[in-house]
Every structure is written in C-alpha cells, then in structure tokens.
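Got your viewer open? Let's take a walk through this structure together, one selection at a time.

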Protein chains: 4
Amino acid sequence: MNDMSVTAPDKATTRQNILDAAVRIFREKGFQKARVSDIVSAAGLAQGTFYLYFRSKEDIARQICKKFMDRFTRIFEEDHEVFDSTSLSELHVRIRKMIHSALKTLKEDANAAEIVLREGIGQGGLFKELYEDLILSFIELLREKISMGASRNILGIRDPHTTAVFIVGLVERSFFFFMIMKKELDIDTIAADMSAFILKGLDPAPLP
Amino acid sequence: MNDMSVTAPDKATTRQNILDAAVRIFREKGFQKARVSDIVSAAGLAQGTFYLYFRSKEDIARQICKKFMDRFTRIFEEDHEVFDSTSLSELHVRIRKMIHSALKTLKEDANAAEIVLREGIGQGGLFKELYEDLILSFIELLREKISMGASRNILGIRDPHTTAVFIVGLVERSFFFFMIMKKELDIDTIAADMSAFILKGLDPAPLP
Amino acid sequence: MNDMSVTAPDKATTRQNILDAAVRIFREKGFQKARVSDIVSAAGLAQGTFYLYFRSKEDIARQICKKFMDRFTRIFEEDHEVFDSTSLSELHVRIRKMIHSALKTLKEDANAAEIVLREGIGQGGLFKELYEDLILSFIELLREKISMGASRNILGIRDPHTTAVFIVGLVERSFFFFMIMKKELDIDTIAADMSAFILKGLDPAPLP
Amino acid sequence: MNDMSVTAPDKATTRQNILDAAVRIFREKGFQKARVSDIVSAAGLAQGTFYLYFRSKEDIARQICKKFMDRFTRIFEEDHEVFDSTSLSELHVRIRKMIHSALKTLKEDANAAEIVLREGIGQGGLFKELYEDLILSFIELLREKISMGASRNILGIRDPHTTAVFIVGLVERSFFFFMIMKKELDIDTIAADMSAFILKGLDPAPLP
DNA sequence: GATGAATGAGTCTTCATTCAT
DNA sequence: AATGAATGAAGACTCATTCAT
C-alpha cells in the first residue's frame, strides 16, 4: 500500500511464491522425494528463507492440502441438499449439478487435488488420517441423504452406507483417471454420464 | 519330515520369511519409510542376509507387487467372458461372480493388495507406471466387453470407455474402503450390492 | 583486513581446507582406505559439508590429481625445446635444466605427486588410465625429440622410443625413491647426476 | 600317488587352483577391489573352502607376492657377481646377461609381477613395506658392486648409491611399461638396449 | 527480512569371515 | 574336505534444519 510495496515483495507475496513452487514440486516428485531445496530454488529464494514462512516441509504440505480440502468440503456442503429432492427427476438435476461443481472445484486446483489424492492414499501416510477422515465424512453425508431418499421410496438400494461408498469411490477414482492420469477432463460430459450411471444405480425400480 | 528338516531352514523358507516380513513392514510404514533393517529384524535375520535374496529394497517391493498384480490379472482374465452374456439376467449372475472372485482374490492377499494400491497411487512413484498400466488394461478390457454388450442392446450407456472407468473406480475404491480402511469386507454382501448397483447403471432402460 | 574478515571463512577458504586435508589423508592412507570422515574431521568440518564442495570422494581425488598433472604437464611442455639443441654440450646444459625444473615442480607439491604416482600405478585404478596416458605422452614427446637428435647425429641410440621409455622410467622412479621413500631430495645434485648419466647414455660415441 | 588321487583333487591341487585364480583376479581388479567370492568362483569352489587354505584375503596376496619376490631375489643374487668384472667390455657382457635374466624371470610370471609392482607402489599399501624393502636391497646390492667398480676405475660415476637408484628405476619402470602397459616385451632387444644405455652411463670417460 | 554455509542424523549396500552341516 | 548360508561392521551419501551475518 505504501510506496515501498512496489519494489520489495511483501511477506504475503513471498509466502505465496513459496506455496506455488511447493505445489508444483510436490505434484512432480511427491512429498517424500521433493526437497526443500527444490522448492526454494523454484521460488528463487535461499534455503533459509523457507523457514521464515513455514515450520517444516511437512508443515507446508499440510497447509496446501488442508486449504484444498477445506475449500472442497465447503463446496460439497453447499450442494448437499441435493438429496432433499422429492422426485427422481428432480434428484437427477440436482445430482448432476453437484457432481459438476465437485469436478469443477477439483479441476480448478488440479495440482493440489493430485497431491491430496496421491498423498492421501499413498503409504507415505503424511495425510492418510486427514484424507481418510475427509472421505469418511463425505460418505457419512451421502449415507444420511441416501437414507432419507430410501425412506421416502425414491431410492432403491439395500444399504445406504455401502451405496455411499460406491458413489464416493466412483467419483473419486474417475476424477483421478480423467484429470490426473489422462490430463483431460470434460466436466460437462463426465458429470452427465456419471449422474446418469449413479441415478440408475439408485433407481427404486427392480432389476429386470 | 525327517529330523533334519526341523533344524535348518532352507533357502526357500528364508526367502519366504523375508518376503512375509517385507509385506508386513511395507504395509505398516510404506515403501519409503520402511527400512531394510526393519524387514530383516522382523524376519529375525542379519542385515546382510537380505542381500543374499534380493538385489535391493526396491527389488523386493517390486517382486511383491508384480507377483500380486500378475495373480490378480490372471484371475480377472479368466473371468472376463462375463460380458459375453446374452441377457441382462445372465449378465447379472456373471457380473456378480466376477466381482466376487476379484474381491476374494484381493482379500486373500490383502496386505499385498494394500501395498499395491497405496504405492501405485502414491507419488512415491515406485510402481506408479506399473500400476497405472494395470488399471488402464482393466479399463480397456472392460470397455471392449461393454462395447459388445452395447452393440447387442443389452447395455444402455453413452460411452463404454467412460463407463468402464466408472466401474473400475467404483470397485477399486470400494475394496480399498472396506478392506483397507475398515479392515472388514463381507465379500458376498458387497459383491451382491455392487453387481446390483452396476447392473442398474448399465441397464438399457432409460431413466424414468 | 577488516575485523569481519577474521571470523567467517569464505567458500574458497573452506574448499581449500578440504583439499589440503584430503591431500594429507590420501597420501597417508591411499584413496581406498581414506574415509570421507577422515578428511572432514581433519578439516574440522561436518560430514555433510564435504558434499557442498565435492560431488564425491572420487571427485576430490580426481581434482587433486588432475590439477597436479596439468601443472606438471605445463612445466614439462615449456621445457621441451631442450632437445632442439645443436650440440651435445648445449644439450647437457638444457637437459639438466629440464630435469631440474621437473624435479622442482614435483618436489613443490610432493604430497600430490605421491598420490598421483601411487594411485596412477596402483591397481586401485582410479587414475590408471589418466596417469598412463600422461606417461605415454611424455614418452612420445621425448621420443620425437630424441629422433631429431639422432637424425642430426648428436645422439647415438638404437631406438628413440625405447630410450625415451628408459629416461622417463629413470626419472620417475628416482624421484619416487628420493622424495617419497627417503623424504629427501637434493634437486641440484640429483639433477646433475641424472643429466650426466642420461647424457652419457645418449652419447653417439660407441662403447669402448 | 594312490588310486584315489585320480578322482579327487588333493589338497595341493586345490590350493594351487585357488592361487592361480587369485593371481588372475588380483591382476584384473587389484587387491582392494578383488573379492574373495571372485576368487573362489573363478576356482570353482565354495566361499568357505577358501579359508581352509588361506587365513585371509591379505594372506593369499602376501603369499603370492612373497613367493614371487623370493624367486626374483634368488635369480638376482645368482647373477650379481656381474660387477666383479675387471673390464668394461667384460662388464658389458655380464650386465646384459643379468638384465636379460631379470627380465626373463619377470616375464615368466608377468601376472604376479604386475601384482607386486602395482600393489607395491600403490597406496593400498598392502605390500608397500615388503616391496620397498626389496627395492632397497637391490639398490644396496647394486651400490656395493658399483662402488667396487668405481674404486677400480672401471666405472665413472659420482655417487654409487644415486647411480644404483637410477639403474633400478630404469629397469623396473621399463619392464612395467613394456610388459604391463604394452603387453609386449622383447627381452633380447630390450636387454641389449638397456645394457648399452646403462653401460654408457657408467663409462669412466668424461662427457665430451 | 533474507541469506546460504554448515550441520549430522539416518540408511542402504558391500563383503570378509565364520560355522553348522 | 567341502559347502554355502548367515553374519555384521563399515562407509558413502542425502537432505531437513539451524544460525551467524
């Protein structure tokens, strides 16, 4: 804000530079193989500077993941009233919208998402607990909603919990496949296909 | 059987002891954090002994994963004629059987499965390529079968490839959730629910 | 010169300290038996510091030897016009001067010379190729000059190449004996005796 | 000697097989890099067998070198009356003969000679003392004889010790060059050239 | 705020040697 | 005599973290 701020980058900027560099490096090499020296040299700073902004290598990784997961959780929670739908057709619209916004959020920060998914599942185990809690909370949320739908007879599944697991797994790994492995994710199409597939799976009509 | 065989373990036994110990340690700590010294002390051997049987820490991990993946691939390939079914009801039976045997195989060697799933996805990247190739080959196999089913109008999906991704993701992550996170997998129930869910998703009937 | 310069050694100083310590340790123990920990503790530094300055134990040894051999080669090449002499008496003066300066150079950096001579010949073989190439180039240079002298009838030997080998061997091993084994080398005397001995050997007059 | 000796190799044979294999391996890799496992597998035996015949890796190397050096010393001592010659021309004949037989002995067991020369000079230092003692004893022997020749005025050199060093160095390194580096040593020619060169160097006639 | 030189704990891997069979 | 599986000490190298300037 003052006239100094033009020449010297302020703390916030330097911090963000380090974060950006770290996201890139973590995604490329993974947490374990990424060196602090990789991050600082990508950010154009000296080794020691890193520790003025972050307590440790684990600290910055945790912050990156935490921030991403929080953001994703918020989006998800905003959308979750989707299952309050009273008809299957209304549900169809809402579910597609929810999947669309979830994929959109993931895609917008695909680097962080990749770090979270890989480190969360990988045995490195840095965020195993954090990540597994997140997944559990999604599953629980979904289970509740599915239970409600099932009780109103608009959904036809045996066990809401199991079904919630199916859906979360399907969405998570499909995102991983298209966005992270294939580096190409057409949100509109995938969201449409995915909601159609899931909807049928939830359909109360019995199998032929 | 004779009194000699009790005292001295032969090379095969020692090798298997190391493998068993390694599977345990890798599952507990992950490849990166597992030390060779952890493995040998779990096997009750000296450091150097390890290198009489395996070229390196990476070597043993690769052997464990390779063996498991080969076994799983074989099981999967034996079952894959499932989609040659001519009716949806026959398909239902076959698909449940296939999922059942896949889950059974995974459960039978749950430790190795966990290592493969975690290391295959994790950025540590030791088996990323190997694992992603495996997933791709499953998806491709499934895509072919689904395409055939779709052409015979017994399946109703927009794009066989996308659908194959959905199914593989659903099965993989559900196994991960129940067997690895929850440590409890009731194969019969899950296979039934999973095949029902998938079958509906594949149903040629339009959404209501 | 100011009070700051006393406290903190700069990178060049630290590097030189490591080099000095390494020369000492390599000479005492030889390359194979010298441990990096010996070098750093002789230099009063921590293990890791070594790797800030040198890529590996082999790297530093190679640098020490390369630098020494380059310096020696330069001295030798500056002097080599010695054999352009037109008379045996002029040759005598020049040859003594050349031997003198060769011995002087070797003596001035006797530690590095010892490392080069021992490692160059020893089967450890770190510098075998490098060193044998050096010897070959000296022999070739000498051979050329002797050939010229022989063609002008101021030298009387059967084969210039063989004679060059004799001379290089004589000088090398005599230096080794006096400087490295005996730790005492009177350059003036040895250069005089050596040039006299060699000169007679080159004399065109037949044996009595 | 008995009828068993045909089928099973006796101790002496096995011992010799190990020695032969060791000479080969030591020459190829040098003492430090040669592994006991290299030696036994070259000899077609098991690891443990080695230690039935030799106390340690160093032990066998020492025996190989000791045996070679003893043999060489014996040859040399048989010939050393060469300098008792009363005339330069008689000396010429005798010196050539001595050099010839030294080179012949070295060449006959070139592998062992190479090991001794390389390990004796190399910093590995296994035989440094042993070898340097040997060299010193040759020099001393030569010095005595040269002294006698000088006192009888058939040799014209300033200092017998220095001259002895020159000669030993010349012979040793020339052998090294032709036999070990070039793998080709024409004993007759080299002995002739060498004795001519040395003889002139010893000639009492002053330089022109 | 920033720097970057220094630190040293942590681990894989090699290989001479032993010993039970 | 021979075997070969097992041992364990030794040492190079990495990299997160500290701190004096």
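## Stop one: two matching chains

Start by selecting chains C and D: turning chain C by 179 degrees, with 0.0 Å of shift along the axis, superposes it on chain D with an RMSD of 0.2 Å. That is how a two-fold axis relates two copies. The same surface is used by both copies, as 100% of the contact residues of chain C recur in chain D. Keep in mind as you go that this is a predicted model.

## Stop two: a pair of rings

Now switch to the aromatic rings. How many aromatic pairs does a search of the whole structure find? The count is 27 over all chains.

For one pair, select Phe68(B) and Phe72(B). Their ring centres are 6.5 Å apart and their planes meet at 15 degrees; planes under 30 degrees apart count as stacked, so this pair is stacked. Show the backbone too: both residues belong to helix H5 (residues 57–79) of chain B, and they are four residues apart, about one turn of the helix.

Are these two buried or exposed? Phe68(B) has a relative accessibility of 5%, so it counts as buried. Phe72(B) is buried as well, at 10% relative accessible area.

## Stop three: a ring cluster

Next, select Phe166(A), Phe197(A), Phe166(B) and Phe197(B). Ring pairs join these residues into a cluster.

## Last stop: lysines over rings

Finally, pick Lys57(B) and Phe31(B): the lysine lies over the face of the ring, 4.7 Å from the ring centre. Then hop to chain D, where the charged end of Lys57(D) sits over the ring of Phe31(D), at 4.7 Å from its centre.

Notes: Residues are numbered from 1 along each chain as its sequence is written. Chains are lettered from A and ligands numbered from 1 in the order in which they are written. This is a predicted model: local features need pLDDT of at least 70, side-chain atom pairs count only at pLDDT 80 or more; totals for chains, interfaces and linings use all residues. Side-chain values use heavy atoms; hydrogens and water are left out. Copies are superposed by least squares on the C-alpha atoms of residues with pLDDT of at least 70 in both. Contact means heavy atoms within 4.5 Å. Rings of Phe, Tyr and Trp (its six-membered ring) pair if their centres lie within 6.5 Å; planes under 30 degrees apart count as stacked, over 60 as edge-to-face and the rest as tilted. Helices (H or I, at least four residues) and strands (E, at least two) are DSSP runs, numbered from the N terminus. Buried means under 20% relative accessible area, exposed over 50%, partly exposed in between (1.4 Å probe, protein chains only). A charge sits over a ring if NZ of Lys or CZ of Arg is within 6 Å of the ring centre and within 35 degrees of the ring normal.
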